[in-house]
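Welcome! Here is a short tour of some empty spaces and a bit of surface, written for someone meeting this structure for the first time.

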Amino acid sequence: MKALQITRAGQYRIIEQAIPEVKNNEILVKIEIVSTCPRWDINMMAGKDMFDYSRSPEYPLPPGFPGHETAGFVHAIGSDVSGFAVGDRVAALEHIPHTGSYMEYMCYKEHELLRLPDQVTFEQAVSFELVKCVMIGMSQFADMRGKRVVISGLGPAGILAMQLAAIWGASEVVGLDVNEKRIEYVRQLKIGEVQHVDKLGDRRFDYGYDCVGLAQSVNNLLRQVDEHVVIFGVLRGTVQFEERLWLKGMRLEAYQYRPFTARDRELLIDAVAHKGLNTACIQTHCLPLSQYDQAIHLLNNQEAIKVYFYPGKEW
């Protein structure tokens, strides 16, 4: 089978390797579609560690890495697998260490996959791993119902967060960005109000969800929010938590990962299948994996929100 391998900063190759052998507790998935995770892809091709920019990744990266937002068909199952059958349509929910899904086949454990109902397309499901992460972060708020919510950053996570806040009962949802083209794209999606960060004025919010990860973005939220701010993006820089915030009991939290429960899985499927969560709208460009460098160019220039590939059809 074919796989993409990043060999050093700015360079990659398409390699041939054997299809993975399925262990007793594993499921072999034939990957129909895989999508970028912009921060991961940009940093791996730029020679930067995802969490520590002073370090460089160890090249060559494992074949398929950092691909992890994936959907496809179950191709084979191990003898101990009971919850899936050959032919099931599935989406990945985990980023598997030391491997990646920029390839044609990949093995998973049962808890790392979600079976898809017929009405959910692969294009809707390919980034369910990201939807899972956004849901976990937003569940750190006590109760969204009736709350005024502001989302900073209209990348993939911000677009999903805006919609989830509305689905979970927020009375007011506003998305912020500094890129006018991105603002206009999201405005045309009609998923909620979007504004340039400089045009928000003196409006107040109960909750703030930062999907940018820059201290300036978090500091802007702290000036507009009265109760609780969650930082979803990987933070760069120093956040200023002023005395006035302490005095009014402001809560500032980093993203806190937790296991994704059976109930969470039901809520995710329900949101997409029945509540109108538009996940396909973040998949804006499609390319062959051999043009991975073009995908990185589109992401770096913010021309694409996500770029997706069909490894079983075109390289």
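This briefing covers a pocket, a cavity and a surface patch.

Please keep in mind that the model is predicted. Rolling a probe the size of a water molecule over the atoms shows where empty space is left.

**The second largest pocket**
- This pocket has a volume of about 350 Å³.
- Its lining is made of 15 residues, and Trp40, Leu61, Pro62, Phe65 and His98 are the closest to the pocket centre.
- By class, 11 residues of the lining are nonpolar, two are polar and two are charged.

**The largest cavity**
- The structure holds one cavity of 30 Å³ or more, and the volume of the largest cavity is about 40 Å³.
- Its lining consists of Asn219, Leu222, Arg223, Gln240, Glu242, Arg244 and Leu245.
- Helix H6 (215-224) and H7 are the elements that give two or more residues to this lining.
- H6 gives the most, with three residues.
- Three residues of the cavity lining are charged, two are polar and two are nonpolar.

**A nonpolar surface patch**
- Phe241, Trp246, Leu247 and Leu252 together make a nonpolar patch of about 440 Å² on the surface.
- One of these residues, Leu247, lies in helix H7, which covers residues 243-247.
- Is Leu247 buried or exposed? Leu247 counts as exposed because its relative accessible area is 56%, and the cut-off for exposed is over 50%.
- Helix H7 thus appears twice in this tour: H7 holds Leu247 of the patch, and H7 also gives residues to the lining of the largest cavity.

Conventions. Residues numbered from 1 in each chain as written. Predicted model: local features only at pLDDT ≥ 70, side-chain atom pairs only at ≥ 80, totals over all residues. Heavy atoms only, no water. Patch = residues over 30% accessible without salt bridge, like charges linked within 9 Å, V, L, I, M, F, W, Y side chains within 5 Å. Areas by Shrake-Rupley, 256 points an atom, 1.4 Å probe, with all protein chains shown as cover. Salt bridge = Lys/Arg side-chain N within 4 Å of Asp/Glu carboxyl O. Helix = DSSP H or I, 4+ residues; strand = E, 2+ residues; numbered from the N terminus. Buried < 20%, exposed > 50% of the residue type's maximum accessible area, 1.4 Å probe, protein only. 1 Å grid on protein atoms, 1.4 Å probe; cavity = no way out; pocket = protein on both sides within 12 Å on 5 of 7 lines; lining within 4 Å. Points joined across faces, edges and corners; volume = space filled by probe spheres on them. Nonpolar A, V, L, I, M, F, W, Y, C, P; charged D, E, K, R; others polar.
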